[in-house]
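Let's go through a protein structure together, one question at a time. Have the sequence and the 3D view open as you read.

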Amino acid sequence: MGNATLGTTVIPGACPHDCPDRCAWLVTVEGNRAVKLAGDPDHPFTRGTLCAKVNHYLDRVYSPDRVLHPLRRTGAKGAGAFERVSWDDALHEIATRLRQVIARYGPTAILPYSFSGTQGQLQSDTMSGRFFSRLGATRLERTVCGSTGSAGVEATIGTTVGMLPEDLALSRLIILWGTNTIVTNLHLWPIIRQAQAAGARVVVVDPLTTRTAAAADWHVRPMPGTDAALALGMMAVIVAEGLHDAAYVTEHTLGFDALKDRLAEYRPERAAALTGLATEEIIRLARAYATTRPAAIRVLIGMEHHATAEMSFRAISCLPALIGAWRERGGGLLHHTMALHGQALNGRALRMPELAAPGTRAVNMMRLGQALTDPTLDPPIGALFVYNSNPATTTPNQNLVLRGLRRDDLFTVVHEQFLTDTARYADYVLPSTTEVEHWDLFTSWGHTYVTLNRPAIAPLGEAISPTELFRRLAARMGLDEPYLRESDEDLIKTALRSDHPYLRGVDFERLLATGWAPLDLPQDWLPYATGQFPTPSGKCEFSSAALAARGIDPLPTYLPADESPAGDPERAARYPLTLLTPKSALHFLNSSYGNSPRHLAAERAPCLDIHPADAAPRGIAAGERVRVWNDRGAVELPARVGDRVRPGVVAMPSGWWASLSPGGSSANALTPDGMTLWGGGGDFHDALVEVERVSGAAPAPEPE
Ligand SMILES: Nc1nc2c(c(=O)[nH]1)N[C@H]1C(S)=C(S)[C@@H](COP(=O)(O)OP(=O)(O)OC[C@H]3O[C@@H](n4cnc5c(=O)[nH]c(N)nc54)[C@H](O)[C@@H]3O)O[C@H]1N2
Ligand SMILES: Nc1nc2c(c(=O)[nH]1)N[C@H]1C(S)=C(S)[C@@H](COP(=O)(O)OP(=O)(O)OC[C@H]3O[C@@H](n4cnc5c(=O)[nH]c(N)nc54)[C@H](O)[C@@H]3O)O[C@H]1N2
Ligand code: SF4
Ligand SMILES: [Mo]
């Protein structure tokens, strides 16, 4: 690798997307042109395959739609009219405008907004983080993904680290609980298939018949947001029938007696009423789970996005300890591997969290629309700086976000690869490199390999990386601290400067030579076979004093969401259907690729899944155009009538750009921007909606 033969070089790198798989790839370069990009066949986890989204990453790099020069807005916000300007002019005016905002309102009037365009240790939020902390800008709480589930799991087992993904091959029962593995976590699927071939049963718990649910042996379809009731119902059956592991429970858990009392409220009949499942199915699932060894539960993200989802994750993560599943490999809970990388790398030195003054104002990213439009916010947001994110598409309550972005007195800068729906509202759009044009270092939330990304080609046009942007902007603003000038290679070395045993043998030189390296984890990964949970008590906490101290129920419990049929019957009378907007678009990565002609053609058009029992009374036939609406907005699209959804639930994919959607709105026009119970995430899967046929519209052929 990296050797030149006949003018051709192969450069190792990594897919930067917000995806647990973190594929290692190899880029073939001729001259300064990348001519081929393919998975690295030697990578033990991703084994040389990429996915339907990223197989054509070079189309993205060389797309005629790339933003390759700084642009200044010439038309109305949102109109998409821009003129090309020099970097010098752009940086000068941006620095001047930021200084003016600071002079008028103070630094917290600046709001940086970013998320997961790249998950690289450098380019996601390192130099930008240092820069905005140094300025004293408002802190962004980045909670759209991961925080809610993690809060629930950590309250129970003290960490998000459980089983290793490879060990699913040893499982004999695998419950994929609220995750669509085939679409969102493709490289885990062969491991699950291997277990299946060896006799394992695969269960999917999901209100929707996803591709993964269709490939499972058993699909359990609860009402959205009711998983805590299902898990508690299962526990009630397990304990009532004496199927729990009494020895493990006694030695390695805390609060079993209190839990037992709580379970009296979740007899299977009641759990059935709360979840919309049959009593018999809950009993069967509980028995199968408690009597099959080894038994694994895989949770990921989609289930997070309900107002009380912390409790769902908390209740589910009690199950493995109750049946002693942690005793053997192939048993336990698989959530994230990210914390292993977090322990290994020197993230503190990289991100320098100490630069943020204690008490600096924070805005939760789920509430962007509110923050931009709240007349009482003091100081108001005067400048918005977006990078690595497309909030006009991915943030809930889209119409409120757009209203904020339209504000004349808001100065908006967007660093992007494409003219996204967010970038269209910017005063300045700045061109960003893609992954083959910049350095980075990658962890993974789905496996245990560290990956280095080397630039394979020089940046196209005048594109620069996020680290370079914030180095240049800092210099332009007269900030000359050395940490605002650190080079990319030095930043990588800083991150790797760690004594942690997991990072033994991994250094810059090795990564340069090989592209990736495994974390050095203990051979037999059985972290909680003999307890030793990293909780305050060292046990799996069925009852949590730490939660009680925060005024939260110390025991797992089911609570209906505010915006749910059980939580707000009055609203549900107006909007009787629960809308899910998951990542079911196989060819999009959140909103990335939502403008790529190839990906759009493969995706065809978005459609609304609706059950015949809900379609019939509304006079909706297959393929007919429907309007889905609530107080926040409306989306028009064709209906797909069938049992992919259960009665009472409708679904449409997220990720579609409003500007490219018929009717000019996409899924997040309908979603709420409330917050979850105590993890700080968003509740956008709690959307209640009504659906009607659009009269006069000709039926389209039913989408596939
Ligand atoms: N309704 C609904 N909404 C959702 C979700 C859902 O399931 N349903 N999922 C949520 C989840 S889990 C997540 S993680 C979020 C993700 O939301 P976002 O973080 O907004 O993710 P993307 O839509 O992929 O947008 C990332 C943007 O970063 C840009 N980008 C990529 N690389 C770079 C780079 O190197 N530099 C710069 N400057 N830009 C770059 C890309 O071009 C892209 O436009 O969406 C959330 N929103
Ligand atoms: N192709 C593709 N892959 C991706 C992404 C993408 O956009 N496209 N995004 C990446 C990102 S950012 C993330 S966070 C991951 C997410 O990976 P996943 O968590 O696997 O994906 P989601 O689509 O968010 O949600 C998974 C499932 O949760 C279900 N669900 C929703 N509410 C509930 C509930 O209350 N209970 C239960 N049991 N299930 C529920 C949804 O119906 C959905 O099928 O995927 C990553 N991979
Ligand atoms: S999006 Fe995920 S599966 Fe696709 S190439 Fe990137 S890391 Fe691999
Ligand atoms: Mo995510």
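Here are some questions and answers about this predicted model.

Q: How many disulfides does a search of the whole structure find?
A: To count, two cysteine sulfur atoms have to be within 2.5 Å of each other. Take Cys318: the nearest cysteine sulfur belongs to Cys540, and Cys318 is in no disulfide. Searching the whole structure gives a count of 0.

Q: Why is Cys540 not bonded to Cys318, and what is the distance between the sulfurs?
A: A disulfide needs the two sulfurs within 2.5 Å. The closest cysteine sulfur to that of Cys540 is in Cys318, but that is too far for a bond. The distance is 5.4 Å.

Q: Is Cys318 buried or exposed?
A: The cut-off for buried is under 20% relative accessible area. Cys318 has a relative accessibility of 0%. Cys540 also comes out at 0%. So Cys318 is buried.

Q: Which helix holds Phe313, and is Phe313 buried or exposed?
A: Phe313 sits in helix 13, which covers residues 309-322. Its relative accessible area is 1%, and anything under 20% counts as buried. So the helix is helix 13, and Phe313 is buried.

Q: What is the C-alpha to C-alpha distance between Phe313 and Thr148?
A: Along the sequence, these two are 165 residues apart. Phe313 also touches residues such as Gly149, Gly152 and Val153. In space, C-alpha to C-alpha, Phe313 and Thr148 are 8.3 Å apart.

Q: Which cavity does ligand 3 take up, by size rank?
A: Start with what surrounds ligand 3: the residues include Cys15, Cys19, Cys23, Cys51 and His187. By class, that shell has 6 nonpolar, 1 polar and 3 charged residues. As for the space ligand 3 takes, that is the second largest cavity.

Q: Which helices are among the elements covering the buried residues of helix 19?
A: Helix 19 runs over residues 466-476, and its buried residues include Pro466, Leu469, Phe470 and Leu473. Strands are part of the cover, among them strand 15, strand 16 and strand 17. The helices in the cover include helix 2, helix 3 and helix 20.

Q: Which residue with a positive phi follows helix 19?
A: Look just past the end of the helix, where phi is near 80 degrees. The residue there is Gly478.

Q: What is omega for the cis peptide bond from Arg293 to Pro294?
A: Most peptide bonds are trans, so a cis one deserves a look. Pro294 lies in the loop between helix 12 and strand 12. The omega of this cis bond is near -15 degrees.

Q: Which residue does a cis peptide bond join to Asp378?
A: The bond has an omega of about -5 degrees. The partner of Asp378 is in the loop between helix 16 and strand 15. That partner is Pro379.

Q: What is the phi of Asn590?
A: Most residues other than glycine have a negative phi, so a positive one catches the eye. Asn590 lies in the loop between strand 22 and helix 24, and is partly exposed, with a relative accessible area of 27%. Its phi is positive, near 50 degrees.

Q: Where is Arg604 found?
A: Arg604 is not a glycine, yet has a positive phi of about 60 degrees. To place Arg604, look between helix 24 and strand 23. The answer is the loop joining those two elements, helix 24 and strand 23.

Conventions. Residues are numbered from 1 along each chain as its sequence is written. Chains are lettered from A and ligands numbered from 1 in the order in which they are written. This is a predicted model: local features need pLDDT of at least 70, side-chain atom pairs count only at pLDDT 80 or more; totals for chains, interfaces and linings use all residues. Side-chain values use heavy atoms; hydrogens and water are left out. Buried means under 20% relative accessible area, exposed over 50%, partly exposed in between (1.4 Å probe, protein chains only). Helices (H or I, at least four residues) and strands (E, at least two) are DSSP runs, numbered from the N terminus. Contact means heavy atoms within 4.5 Å. A residue is near a molecule or strand if one of its heavy atoms lies within 4 Å of it. On a 1 Å grid over the protein atoms alone, a cavity is a set of points where a 1.4 Å probe fits but cannot get out, and a pocket is an open set with protein on both sides within 12 Å along at least five of seven lines; lining residues have an atom within 4 Å of a point. A molecule sits in a cavity or pocket if more than half of its atoms lie within 2 Å of its grid points. Ala, Val, Leu, Ile, Met, Phe, Trp, Tyr, Cys and Pro count as nonpolar, Asp, Glu, Lys and Arg as charged, and the others, Gly among them, as polar. Lists of a residue's contacts leave out its neighbours within four places in sequence.
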